[in-house]
There are 2 protein chains.
Amino acid sequence: MFDLIILGAGPGGFEAAVTAIRKGLNIAVVEKGKLGGNCLNRACVPTKYFWTGAHILEKIGIFKEYGIMIENFSVDYSKAWEGKEKSISFLRKSISQLFKAKKVPVFKGEGRIIDKNRVKITNEDGTHQIIEGKFILVATGSKPIAIGSLIPDGKYIITTEDYMDTLKELPESILIVGGGVAGCELGYIMKKYGVDVHIVELKDRILPVPFVSQEASKLITRKFKQLGIKMHLGTTVEDFSIDKKINVKLSSGEEIHVDKILLSVGRKPNTDVDDIGIEKDERGFIKTNRYLQTSVENIYACGDVVNSPMLAHIAMYEAKVAVYNILEGNKKEVDYSLIPSAIFTALEIGQIGLTEEQAKEKGLETVTGYFPFMYNDKAVDEHETEGFVRLVFEKSSKRLIGATIVGASASELLHVMEMAVKNQMTAEEIHEFIYFHPSLSEIFAYATYDVAVGKLF
Amino acid sequence: MFDLIILGAGPGGFEAAVTAIRKGLNIAVVEKGKLGGNCLNRACVPTKYFWTGAHILEKIGIFKEYGIMIENFSVDYSKAWEGKEKSISFLRKSISQLFKAKKVPVFKGEGRIIDKNRVKITNEDGTHQIIEGKFILVATGSKPIAIGSLIPDGKYIITTEDYMDTLKELPESILIVGGGVAGCELGYIMKKYGVDVHIVELKDRILPVPFVSQEASKLITRKFKQLGIKMHLGTTVEDFSIDKKINVKLSSGEEIHVDKILLSVGRKPNTDVDDIGIEKDERGFIKTNRYLQTSVENIYACGDVVNSPMLAHIAMYEAKVAVYNILEGNKKEVDYSLIPSAIFTALEIGQIGLTEEQAKEKGLETVTGYFPFMYNDKAVDEHETEGFVRLVFEKSSKRLIGATIVGASASELLHVMEMAVKNQMTAEEIHEFIYFHPSLSEIFAYATYDVAVGKLF
């Protein structure tokens with residue numbers, strides 16, 4: 001009998017495995033797909049791979065400012081695809097090597113919990129085996145959903161997973177249904193690699209998620225317009241027909257003709273994993289208590305299968321908490337009060353804590369600080385002068401409660417402000433903190449000036 | 001009478017001015033050179049400008065991995081020079097515009113304190129004027145020193161300031177005397193732009209400064225060797241003669257022939273600024289108390305003129321403290337316990353707090369954590385897989401006391417660990433902190449695993 005059986009080897013399952021191994025547990029891992037899960041193979045990691053290429057394309061025009069004279073260059077997306085495959089297979093291999101080195105059995109098949117200590121594995125060839133564990137952790141992730149009559153066929157209508165699994169050559173034109181994070185990320189990448197990109201979004205702005213401020217969304221909208229990405233806001237797909245092209249009729253009455261439709265409208269949890277009645281909520285998420293324990297005492301869950309933000313780093317965090325609670329008895333509650341978010345489009349967006357809008361909704365009185373990258377010395381050095389930081393402070397205490405960063409390295413810089421929120425730092429403390437000069441991080445010293453010292457104008 | 005006269009408009013003087021303006025003080029600024037001082041015009045900022053170019057040159061070979069096929073390109077340093085000039089003049093202009101907008105008089109000349117409230121300014125045309133102030137802040141910076149018979153002539157033997165002021169075309173070959181921070185930064189840049197670079201260093205390693213660990217220095221040494229930078233360690237210049245080339249005899253007996261010699265052996269403070277006997281120490285630094293007040297009650301000092309690390313961000317920090325103490329009476333002591341350092345060479349180095357060696361010297365028992373960029377998903381995405389993070393914890397409390405980062409964005413990432421040291425965070429707290437996935441910052445979660453959770457091997 002294993003100490004712990006982990007269903008799923010995505011970010012949550014892998015993190016749980018590494019923690020459990022370090023704690024000396026005897027574990028087994030069950031994974032029907034590729035090691036690393038969706039995140040590594042079809043989402044976060046390959047997206048940022050392609051984004052790196054898109055960002056180079058964004059910047060190649062300013063290389064001459066550094067005396068680097070590119071006489072001519074061509075763009076071949078299929079090579080980027082190969083590079084992506086090489087990179088993620090390296091990372092996948094590093095996972096399998098670790099499991100091998102630590103003698104962790106990895107069962108390649110679909111696991112199903114048939115009683116509280118037994119998992120039945122259906123192998124690829126249809127054969128079965130049953131393994132036993134004292135504890136089980138469900139970390140089976142999620143899959144894309146379809147919408148209305150837009151049923152993915154893998155050819156004309158594809159999901160973000162089809163994109164990452166099969167799209168070795170880009171179409172000439174595409175309609176992305178859903179202007180959320182994944183839609184905007186892939187839309188930007190495709191545009192930079194030469195695709196004619198349309199985005200249809202039901203809401204009246206792109207990135208209509210609570211953690212993206214109006215201010216950030218507006219700047220990205222402006223950039224998208226400059227790039228020639230066609231945004232159809234407050235709009236839905238009414239009808240479509242497939243000839244050689246896909247003829248799409250939008251709710252606005254407009255008709256557009258594209259080669260493919262990419263669905264990016266959300267995901268649902270993979271929670272059909274048991275025969276023992278583990279409790280789920282009405283949306284199919286596994287119910288857990290604050291210790292990530294399910295309705296079955298020795299079975300825990302983490303990641304996209306539980307009703308918390310569907311983010312790889314949340315899965316990883318929950319994995320640590322779940323393994324801790326398995327080992328130590330339920331002692332550590334999950335804490336979702338401070339979750340970093342980042343988006344990679346025309347500019348990086350980093351968000352921690354509350355936006356000004358969110359703070360207002362909670363009835364908090366706020367003061368804010370602002371600084372544009374334009375006057376940051378390092379940003380000027382790097383020709384990365386677009387974007388800004390907006391810091392939100394609780395008015396009376398002047399403690400930082402949120403930060404929005406739009407611009408270079410926002411996805412890294414946000415952790416500096418996350419540390420500040422976590423440690424309840426005030427505007428004055430953030431202002432007097434010593435930042436290396438010149439660094440992008442100095443924007444925080446400048447964005448705190450108004451609140452910590454006094455206004456300039 | 002002005003409330004405050006600031007001598008010098010470098011990073012210290014400018015920061016003091018901005019703070020004083022925000023506090024409503026009526027100030028005057030005296031600057032004999034360019035606004036922004038050495039840092040903006042001849043050191044930190046232009047160095048990072050050129051480094052950005054050097055880094056693009058370092059990476060251009062992997063663009064094909066993103067399907068960006070550069071057919072041919074050429075390198076023209078003079079264009080980089082022009083780009084540098086454009087960038088720093090934009091930043092200089094933003095300073096002068098701010099002063100104009102706030103109606104701050106800027107006296108372009110050399111200021112000399114002739115009594116405790118009066119500064120005599122010698123203008124460029126030799127005329128004089130005297131201004132009066134309740135308080136004076138000395139922020140006049142520092143200048144490069146020469147060594148032995150190596151006297152800068154601006155042509156064969158140049159200083160780092162000559163480099164930034166005049167070197168529009170690079171020589172074919174150069175000998176850099178001094179393998180410290182500036183020598184290694186400029187050596188790397190020149191190598192990437194095609195120069196044959198020699199570095200002579202008296203000590204037995206490059207970057208022989210206390211805040212660079214052996215481990216970091218070794219990695220940079222290996223990279224320099226791969227790049228073909230010729231390092232002459234434990235070596236001095238014995239003699240030289242100038243023909244068409246400079247023939248240099250080293251203490252090792254080796255003879256080398258170069259076009260130029262760049263001196264990078266240190267700086268001395270510009271403290272010949274008064275006729276009223278402001279006290280200085282034996283090395284020429286202005287003596288101050290913990291409030292940055294000099295021996296003359298109403299005169300304060302900050303930056304390279306006081307005996308603290310000669311770093312722009314220290315000057316900026318001290319400027320804030322000095323203005324605070326001028327306004328509020330001496331209440332805020334300077335605190336040098338946590339100073340970030342970063343170096344831009346073949347890889348970025350970021351250092352905060354103590355290295356393992358420094359901790360040992362202080363008699364502290366330590367445990368450390370390590371993680372290489374090679375297995376960080378975002379680093380793989382960016383093809384930035386060289387380097388590592390080393391975290392140093394105090395053994396019993398497991399609180400973070402230092403961090404060394406060598407690799408991509410080290411100069412930004414270091415602030416995340418600076419926040420952790422500042423807030424006395426433990427390995428466990430740093431490990432459970434939620435980092436965005438995928439991000440380079442996740443190296444901190446992985447580098448804390450051994451200490452926070454348990455060892456893998």
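**Exercise 1. The sheet around β13(B)**

Determine how strand β13 of chain B pairs with β14(B), and place the pair in its sheet.

Solution.
Step 1. Strand β13 (residues 246–250) of chain B is joined to β14(B) by four bridges, and the two run antiparallel. The model is a predicted one.
Step 2. To fix the register, take one pair: Ile246(B) has Val258(B) in β14(B) as its bridge partner.
Step 3. The open sheet holds three strands of chain B in the order β12-β13-β14, with antiparallel pairing.
Step 4. β12 (237–242) and β14 (255–258) of chain B are at the edges with a single partner strand each, so each has one side without a neighbour in the sheet.
Step 5. On average, neighbouring strands of this sheet are turned by 20 degrees against each other, direction ignored.

**Exercise 2. A parallel sheet in chain A**

Give the strand order of the open sheet of five strands in chain A, and find which strands stand at the edges.

Solution.
Step 1. The order is β8-β15-β9-β10-β11 (chain A), and the pairing is parallel.
Step 2. The edge strands are β8 (157–159) and β11 (230–233) of chain A; each has a single partner strand, so one side of each lacks a neighbour in the sheet.
Step 3. The average turn between neighbouring strands of this sheet is 20 degrees, direction ignored.
Step 4. For the edge strand β8(A), the parallel partner is β15 (residues 260–263) of chain A, joined to β8(A) by three bridges. Within this pairing, Thr159(A) lies opposite Leu263(A) in β15(A).
Step 5. A helix is then added: α6 (residues 181–192) of chain A packs on the sheet and touches β9 (173–177), β10 (196–201) and β15 of chain A. The direction of α6(A) makes about 165 degrees with that of β10(A).

**Exercise 3. Helix α6 in chain B**

Check the length of helix α6 of chain B against its number of residues, and state whether its residues are buried or exposed.

Solution.
Step 1. Helix α6 (residues 181–192) of chain B has twelve residues, which should span 16 Å at 1.5 Å a residue.
Step 2. The end C-alpha atoms of α6(B) are 17 Å apart, which agrees with that span.
Step 3. Burial requires 20 or more other C-beta atoms within 10 Å. In α6(B), twelve of the twelve residues are buried, including Glu185(B), Lys191(B) and Lys192(B).
Step 4. Just after α6(B), Gly194(B) has a positive phi of about 100 degrees.

**Exercise 4. Ala28(B) and its strand**

Classify Ala28(B) by its C-beta neighbours and list what Ala28(B) touches.

Solution.
Step 1. Ala28(B) belongs to strand β2 (residues 27–31) of chain B.
Step 2. Ala28(B) has 23 C-beta neighbours inside 10 Å and therefore counts as buried.
Step 3. Leaving out residues up to four places away in sequence, Ala28(B) touches Phe2(B), Ile5(B), Pro105(B), Phe107(B), Ile131(B) and Gly133(B).
Step 4. β2(B) runs parallel to strand β4 (residues 106–115) of chain B, with three bridges between them; here Glu31(B) stands opposite Lys108(B).
Step 5. β4(B) is also joined to strand β5 (residues 118–123) of chain B, by six bridges in the antiparallel sense. Arg112(B) has Lys120(B) as its bridge partner in β5(B).
Step 6. β4(B) and β5(B) form a hairpin, with two residues between them.

**Exercise 5. The contact between the chains**

Describe the contact of chain A with chain B, and derive the symmetry that relates the two copies.

Solution.
Step 1. Chain A gives 77 residues to the contact and chain B gives 77 residues.
Step 2. On the side of chain A, the elements giving two or more residues include α1 (11–22), α3 (44–59), β3 (68–75) and α4 (77–101) of chain A.
Step 3. The residues of that side are 41 nonpolar, 19 polar and 17 charged.
Step 4. Strands pair across the contact: β3(A) and strand β3 (residues 68–75) of chain B are antiparallel over seven bridges. Ser74(A) has Met69(B) as its bridge partner in β3(B).
Step 5. Chain A is superposed on chain B by a rotation of 180 degrees with 0.0 Å of shift along its axis, at RMSD 0.0 Å. The two copies are thus related as by a two-fold rotation axis.
Step 6. Val416(A) is the residue of chain A that comes closest to the rotation axis, at 2.4 Å (C-alpha).
Step 7. The same surface serves both copies, as 100% of the contact residues of chain A recur in chain B.

Notes. Residues numbered from 1 in each chain as written. Chains lettered and ligands numbered in written order. Predicted model: local features only at pLDDT ≥ 70, side-chain atom pairs only at ≥ 80, totals over all residues. Pairing = 2+ DSSP bridges. Axes fitted to C-alpha atoms, helices over the stretch in contact; angles between N-to-C directions. Contact = placed C-beta atoms within 7 Å. Nonpolar A, V, L, I, M, F, W, Y, C, P; charged D, E, K, R; others polar. Least-squares fit on C-alpha atoms with pLDDT ≥ 70 in both. Expected span 1.5 Å × (residues − 1).
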